[in-house]
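Student: Please take a close look at the aromatic ring pairs and describe how they are arranged.

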Amino acid sequence: MAGPQDTPPLRNRRPGRNSPRIPQSDLDDDHTVIHPTGPRARSQIEQLLDTDEASAVLVALLTLLAFALRFYKINHPDQVVFDEVHFGKFASHYIKREYYFDVHPPLAKLLYGLAGWFVGFDGDFKFENIGDSYTEAHVPYVGMRALPAILGSMTVPIVYAIMKESGYSSIIAAFSACLVLFDNAHIAQSRLILLDAPLIFFMTLTMYSYIKFRKYRYLEFSPEWWMWLIATGTFMACTWASKVNGILTVVAIGIAVLIDLWDILDIKKGHSMEYFWKHFMARAAALIALPIILYLSFFWVHLAVLTNSGPGDSFMSPAFQETLRNNEMLLNSQEVRYYDTLTIRHKDTRVFLHSHPERYPLKYDDGRISSQGQQVTGYGHDDSNNLWQVIPTKALPETGRGRIVRHEDVVQLLHVNTQTLLLTHDVASPTMPTNEEFTTWPKDDHSRYNDTLFHLRLVDSHPGAALRTKSGLFKLIHVPTKVAMWTFPGQLPDWAFKQQEVNGKKEVNDKTAVWFADEIVASEDGEVKSVEEMGHKEPKQMNFFKKFGELQLLMLQHNAGLTASHPYASGPFNWPFLISGISFWTQTEGQKQIYLIGNLIGWWTCVVGLSVFIGILGADMLARRRGIVPFPDEVCNRLWNSTGFFLVVWAVHYLPFFLMGRQLFLHHYLPSHLASALIAGAVLQFILSETINFPISIRGPHTRPKPRQYADVGMKGPIIVGVFALAMFALYVYLAPLTYGTPGLTGEQVNSKRLLSTWTLHFAAKTTDAAP
Amino acid sequence: MSASVRVRRTASPPPGLAQPVHTQRFPNPRRDILDADEKRAAASRGYGPGRKLHPFGGLNLEPAEWKLLILIIIVAFGVRLFRISKPNSVVKLALSFDICHAMCCAFLTLPVDRFDEVHFGKFASRYIKSQYFVDVHPPLAKLLITLAGWLSGYDGDFDFKDIAKVYSNVPYVAMRMVPAMLGVFTVPIAYLTLRALECRATTALLASLFITFENGMITQSRHILLDSPLIFFTALTVLLWTGFCNEDKHEPFTESWWLWLTLTGLSLGAVVSCKWVGLFTIATVGLGTIKQLWTLLGDMRVTPRLWVRHFMARALCLIAVPLFFYMFMFWIHFAILSNSGEGDGFMSSEFQHTLRGRWMADTNADVAIGSLVTIRHVNTQGGYLHSHPHNYPGGSGQQQITLYPHRDSNNDWRIVNATESGDPYVDWEKGPITYVTSGTRVKLRHTSTDKSLHSHDYRPPVSDVDFQNEVSAYGMAGFVGDANDDWIVEIHKGDDKDRDSGKRLRTLRTQFRLRHALTGCYLFSHKVKLPDWAYEQQEVTCNKQAVMDNSLWYVETSIHPNFPADAPKVNYRIPGFLSKFLELQQVMWTTNAGLTDRHTYDSRPDSWPRLRRGINFWVKDHRQIYLLGNPIIWWLSTASVLFYIAIRGFLILRAKRGFRDFENTKVVKYDTLCGFLFVGWSLHYFPFFLMGRQLFLHHYFPALYFAILLCCGVFDLVTSTLRPRVRLQIAAVLLIIAIWNYAYFSPLVYGNTWTKAKCRKAQWVKTWDFSCNDFLDSYSDYNAGVGAATPQKSPAVATVGGEAGGRGAVVVEDNLGGAANLPPEDKADTTTIAFGQAEPGHDIFGGNDLEKSSQVNEPAVEPGEQEPKEVSVVMAAQQTSGVVQDAAEPDAVENESEEDSTSEAVPDATSDSQPEPEKTEGPQGETEEEAERARKELFPEERFRWRDSSLGTVTISQTGAPSTYRRMVQRAVNGSFVELGLLLLASCGVVSLTAINPAHQNIPLRTRCMPAKDSRFRIISQEWGMLTDGTYIKPQQATQRQAYPLALQEDRHMHCSKPLTTLLVVLFTLAMGVAARPTPIECEPPGGGDNDRRRAVDMNEDSALVPSCVV
């Protein structure tokens, strides 16, 4: 860890990070109140701790502890826990190379796949249900769980390094590290195959790199400067590619960079526009172009690995699916010709378009009246009543490609068993008065000819495209009344054998009104090629960017679609206060459970730290507005720029959740919690001592030397931090059974662990239910 | 944010030199002349602007400008009030929009309604009749409308429900005048605001005329809607705030400074009392205040003490005053609405207790063995523990136990001791008084059916899970029952102020649980409705893992015959104003947040500045009203916002690179001016992006007001270097374009005649979905009125019937007398409901015909009538000729053409998509159209003859919960005539029918009603078929224990068999006929009904009040 004494006592122009608010305070030496504390004037303990050796020992100790706490009983439970059910499954898909779909970018899952492959996981175990046993299936799950545990452990020394690099005392850095180290939530989250440990690891690395980069700002365009700039971009891309939330890290760094560039643009700095553009381009290259390339390349790997058909097929467009080996659509797709008899299925609910001789009842329960026509329903099973024949409405050539059913054709559909034509009209459907009833009409009766005409509109197609089975999604638009054939998972009453209702929906653009031809049962000449006859088909090729674009769009849509309520979902406002946790796993036998909950002391300390910090900033602003300088400019700059950066990271990783409609969980706060731990450290330093390590940036060729000063938190620092770490450790141990899921707890013990009444622990003794 | 900027440079005429400026023909365009108008003014008075001259509020108006203002007002008056009375039917109004209607579907039982003129008109009626209601908007604007109506003599009787009914005796013009006049006054306010912001008179004139000719604002202010008051008060606030800023810059703490500040506060209170959107205005002013205070803080000449004074003054006037004003409005609201009404159901029991009619008599404070009690569920609004003589279809098959929200004798339970031997149901009378304490083992006897509350190991009907048991009523008279009837009282908590309530059961004060003695489960209820067979009342179960909140109960009333007369009594604590106020705020908030249903014409905020789409308010008679802005004004305002953003961004960048733009007086002046307006625009626009609820184009209007002012500010900036005459010419060109646009789209504003061709041409943007096909081909067709009404085929499909997500506009085709030419077959093929109507001389109470009509799927055809028809709900005789004649009335609305197309397509299918009444998302338009048709068929008064039956005359009055009544009317209007009939039936003894026929609203309706011995009308239930035995309800049936009160508790559909429907509709028709007879009121003295059910029918009725006339 590079301590400030590594750098020669130079005068740097600006410590910490820049802020547009006090653009020239460092130029204004009259106002700076320097406390020239020499390196020797500090307390013994500070001098001791500030040495490289002490720092190394501290880091080693923290790292060892982190590994110990995260690896302790990592084999327990030997069952699928919480979201391992997803991410473990994805790892197995990578190993099997089967295509899957998920809302999160692939990097972290690729790593899990890699880890699984490395430890010899064959991918046969499918992580079907929470609670499935690993041991019985001989899954090397410990190896896979080791990956997040390692990353989670490594986060702790990085936190230390961030604080150290930002110029705080070693003991303060240790304090921030302890807040993460002893935190039950971080520990629980990084012992399982989940995405948060990699996300947080890469996020801390990004912050670290950016701080290093900022320290080299006086040596602009030097190799180190470039190195850290590129490192920032790289880790940023990794964060982003680990989990969707990582985009927030990109935003946080983006804000910091914009503030930085805004400073450079300031005329008072005396830089020319060329100089500004040079800086701008460097950042654009390293922080925009590079991450995008990396992000794309992760997806490229993702798509290159997943070449076989798998559970994710059905999410994708037909064209995409045809690039997957053994995909059903690829194998079975063939062109539909007129007079072919085929089955038609609804895309979302997978029911067949069905009809049977039974008729709609004259009157429904709510008093409306039907046409008493033949019922048209959706039916989930194979049946000869599912067969429909495509009848042309135009003259056809005798043979050849002219007989193929194409996009925008107007067709009739003949129900083969009853020899009636599909029809819809302006009669309310059985359950939805707003939609039109579908029925059929005898083939020979031409009185309703117009009502039997349907416009066949292929989805995402071009003129002249042929209708293909499996792959060709289409809408059937009724020609006279412009409704689309539609069905939804709503059952009809007994008179229709509880089959699904099919009706005409007026919103033609509805995405759920999509059907496809499932299979050609018979063609006009009676010949149907079987799959074998068509032979083995090679997957088609598709442009990577097209695939990526489609996948990315789907991910966004599905992420926004995760709005169903979840018993353990919680609102963002609850998070910092640790109002409620998440039950990850329970085992009735032995009354074991894993409950994601943080270390109450640590989290509340962070909240206090945050509010104190915001209070300090507010007081500083007000005081300066009245011409009072409450503390020296160096301290002020450190607060605004360095701690301010942490605050930006915290806010950017937290506040957007208030706007999100999707399911939110406590673990979404973990990145913000880490940032708030950094703030808590900075606030502790501020409270303990007015002195700071200054300057900490690397001196450039043109920077004016400044008097150096050293931070000194004295003896009280280590004592406070030590006591605090002990208290945290004690609470951590107390809550450990909830974090590790072992040992089991009796009802009374569970009650005693329930520090807040809002924690919904399992196996609680029912004291509250007893008679009053 | 501050409104003006101090002049830094003296204008050209030196002080004292009275040189008229107009002689200087070519002022130097390069010079930063601050304000030519001002300069001229100063010069004409003999001194230059450099001298300290401070007009009131910084408003420096020329005498000539006052004349100009009057002229502007006259123009605005003409534009806003042109033919304001024209839509003289409710129908027209009925299709106006607002948001409220979603409330109905989103919430409990409140009749949710169209949000429209009907809606707010209805509220006015409620105010006048003091019937409590709940709305999502604060009361000020509604109070103003009511005031106008009241001053003009409106008595609140018009129901605003009956569609297409011409307003009669309703001073609707006066009520429309409120928003219209406020709309007119917005115009001079805009002028004054810009003048106070130191713009030139030309600019101010341009702005005021832009506002005048903004089609959207005109449309919105011509109807009884809340947006016009909102915009007015927003504008007023901006003006007052600007004035205050000017005063503040001049000299703080003067008298006029205080005046402007206080007025701003009051105006802020008024904005937020119109609609909660007013909070954005508060935010705008708040931001301005913060900026002022921040500037003051940085001003070292301001001492901390002075700063605190500034701060306190603003806090007082801008926080306390608006808050006080807002609360005062609610105080008035509560003071007026002292009677029970449809809004009761939203409020807590304590709140309801404060409403007249909901008031509850004092009841015994103690509950002892033998007390007759009613028990309420604490956590849900489900109501009372209830049983009725119907059995569970599954499970044990025993009698149902439910929660029922209304007071009823079926809610009465007797608490008896379960530990004694002997017959506890009798013994209690002899024993000493024993209070019920925690741990007492009791049985609960349902007194009207002689069954006890019982639980056993059957799964409940809906919550079919292992840990819940069914609760039923079991036993018979004389049967002691078994141990499954035993429950143990567990007191959960008492009231702090009543110490005894924690120890023993006290009425209203003690919350307790009932544990089933044998299985240990707790009596439990939750918001789960039972199916139709239990009238969708709330499920009651016995839950072994009961959540505490849902298993708590309290005793609401308690009567013990052995208690001495002076036994302590209790009642609900009457909540103070503050707690009522807070409760209502909370209800409004929840309701508002629940308005998330999609609507056909809703839109997202991003589409507003583009004017992507309007709102269809009303379509009828080949005319329509469509809310659409003036495109030029709209787009210009949006462009100027973008222009400001671009310029400001550019200036910031320049400043960063050392350009000293912000030291230029002109830049500073316009930056302050436009910045203020831009912030106002942003704060009235961007917050909508955060709202998930239904949003409509008219939510943009407050922001649009700012945008128009900003647009004129930009105009002032752009033309600042030009000569005044050139500037005036440019303004004139802009104005002419705007007025041309206004005129071009004005048929949509006023509902005037238009032609198809012109309409199509006017569809500049594809997404403007006014329906051009509704207009006629040429203007002459409108005058001809005949024949031209070519029955349209399918095109109109687009609008009729609406869409699943919301209520579509209704295209109601009127054939303008052309109906007479239509062959009768068309009539017969109508696909909607045909209403039965008693033919002259037919005694419906004789019953035989009814039976026939009800049991056969054919109308009760009179010989010589038209051929049978099938209709979805009712078949009944119909006199073709009469109907056709009706249709020939000019006002009549038909949609023959619609039906034609349908019926041609489906010769054998006569059912139309009839909306289910409880679904507001259904196609309401169709509803209205049906209602309209029904109305015509129902009220051919001249042909209707009433014959007395042997059942005697009953006068109907309002004895039941008005909410019930409302709901029914609501449903009736929503299109289910089944329920309209029910309404009639129920009204015998439950509600007044006065409001059903607005045409005769001043005549209390009377109808025949069966004699019921009970105080309330009862319908023999479940087997509705019983009603069709020819005589409808038989007295002896009504007195049977099986009688079941018409349970109309929840917002839901009544399932009735077709015969019943027929009957009911015929009855309804009769009732209407009776109503039509101008006979004096006949009223029998009130029966022995409960006091609280009796209420005056109508405060304003000059005839004797009609108390509950119970037979």
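Tutor: The following account treats the aromatic pairs and the residues that form them. This is a predicted model, in which local features need pLDDT of at least 70, side-chain atom pairs count only at pLDDT 80 or more, and totals for chains, interfaces and linings use all residues. Residues are numbered from 1 along each chain as its sequence is written, chains are lettered from A and ligands numbered from 1 in the order in which they are written, and side-chain values use heavy atoms, with hydrogens and water left out.

Rings of Phe, Tyr and Trp (its six-membered ring) pair if their centres lie within 6.5 Å; planes under 30 degrees apart count as stacked, over 60 as edge-to-face and the rest as tilted. Over all chains, the search finds 99 aromatic pairs. One of them joins A:F213 and A:W225, a tilted pair with 5.1 Å centre to centre and 55° between the planes. A:F213 belongs to helix α9 (residues 196-215) of chain A and A:W225 to helix α10 (residues 223-242) of chain A, twelve residues apart; helices are DSSP runs (H or I, at least four residues), and strands (E) have at least two. A:F213 has 1% relative accessibility and therefore counts as buried, a term that means under 20% relative accessible area, with exposed over 50% and partly exposed in between (1.4 Å probe, protein chains only). A:W225 is likewise buried, at 1%.

The rings of A:W575 and A:F657 have centres 5.3 Å apart and planes at 75°, so this pair is edge-to-face. Because A:W575 lies in the loop between α16 (544-561) and β13 (582-587) of chain A and A:F657 in helix α19 (residues 656-659) of chain A, the pair ties together parts 82 residues apart in sequence. Both A:W575 and A:F657 are buried.

In chain B, ring pairs link a cluster that includes B:F280, B:W608, B:Y700 and B:F701.
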